[in-house]
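Trainee: I should be grateful for a close look at a single part of this structure. Please describe that part in detail and then set it within the chain around it.

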Amino acid sequence: AEGMKRKALNAEGIEAAGIATLEQLSQFKQSEIAKLHGMGPKAIGILQQALAAKGLAFADEADTLPRK
């Protein structure tokens, strides 16, 4: 699973947008990331899982995270 997360983060569109970390990714709305090259439903799902594992979410989903 870790390799899949890495592959999704290394997708051409994300790299071109200058996004290198999950923290940076969490600053974007899911709809913005979905428009990038290589970001289909499967990749978005992998990224959502990776973000959630770190207590993060896409910017438009952040208010749905459980409070710590």
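Mentor: Let us take S26, which sits in the loop that joins α3 and α4, the latter covering residues 30-34. Please note that the model is a predicted one.

The first point is the surroundings of this serine. S26 counts as buried, because its relative accessibility is 11% and the limit for a buried residue is under 20%. Its side chain has a polar partner: one of its polar atoms lies 2.7 Å from the backbone oxygen of E23. Residue E23 itself falls within α3, which spans 22-25. Apart from residues up to four places away in sequence, S26 touches L51, L56, A57, F58 and A59.

Two of these partners lead further into the chain. F58 is among the residues with the most contacts inside the largest nonpolar core, a group of 13 residues. Others named in that respect are I14, L25, I33, M39 and L47. Both α3 and α5 supply at least two residues each to this core, and α5 gives the most, with 5 residues.

The other partner, L51, belongs to the buried set of α5, together with A43, I44, I46, L47 and A50. These residues lie on the same side of α5, because they cover an arc of only 160 degrees around the axis. On the other side of the helix, P41, K42, Q49, A52 and A53 are exposed. The helix also has the length that its residue count leads one to expect: 13 residues at 1.5 Å a residue should span 18 Å, and the end C-alpha atoms are indeed 18 Å apart. After α5 comes G55, with a positive phi near 75 degrees.

Within α5, I44 deserves separate attention. The helix covers residues 41-53, and I44 is found in it. With a relative accessible area of 5%, I44 is buried, since the limit is under 20%. Leaving aside neighbours within four places in sequence, its contacts are Q30, I33, A34, M39 and F58. F58 therefore appears in the contacts of I44 as well as in those of S26, given that a contact means heavy atoms within 4.5 Å. As for Q30, its C-alpha is 7.6 Å from that of I44, although the two residues are 14 positions apart in sequence.

A further region to examine is the loop between α4 and α5, where L36 is found. L36 counts as partly exposed, with 24% relative accessibility. Beyond its neighbours within four places in sequence, L36 is in contact with G13, I14 and A17. One of these, I14, is also named among the residues with the most contacts inside the largest nonpolar core. The C-alpha atoms of L36 and G13 are 4.7 Å apart, with their positions 23 residues apart in sequence. A16 lies 8.8 Å from L36 by the C-alpha atoms, at a sequence separation of 20 residues. A16 is placed in helix α2, residues 12-16, and is exposed, with a relative accessible area of 70%.

Finally, the chain as a whole. Its secondary structure comes to 5 helices and 0 strands, in the order α-α-α-α-α along the sequence. Of its 68 residues, 29% are buried, S26 being one of the buried residues. Among the contacts with a separation of 6 or more, 55% join residues 24 or more positions apart. The chain exposes about 4500 Å², of which carbon and sulfur atoms supply 53%.

To return to the part chosen at the outset: S26 is a buried residue of the loop between α3 and α4, its side chain has a polar atom 2.7 Å from the backbone oxygen of E23, and its contacts include L51 and F58.

Conventions: Residues numbered from 1 in each chain as written. Predicted model: local features only at pLDDT ≥ 70, side-chain atom pairs only at ≥ 80, totals over all residues. Heavy atoms only, no water. Helix = DSSP H or I, 4+ residues; strand = E, 2+ residues; numbered from the N terminus. Buried < 20%, exposed > 50% of the residue type's maximum accessible area, 1.4 Å probe, protein only. Areas by Shrake-Rupley, 256 points an atom, 1.4 Å probe, with all protein chains shown as cover. Core = buried A, V, L, I, M, F, W, Y, C linked by side-chain atoms within 4.5 Å. Expected span 1.5 Å × (residues − 1). Arc of directions from axis to C-beta. Polar contact = N/O pair within 3.5 Å; in protein donor to acceptor, adjacent residues only side chain to side chain.
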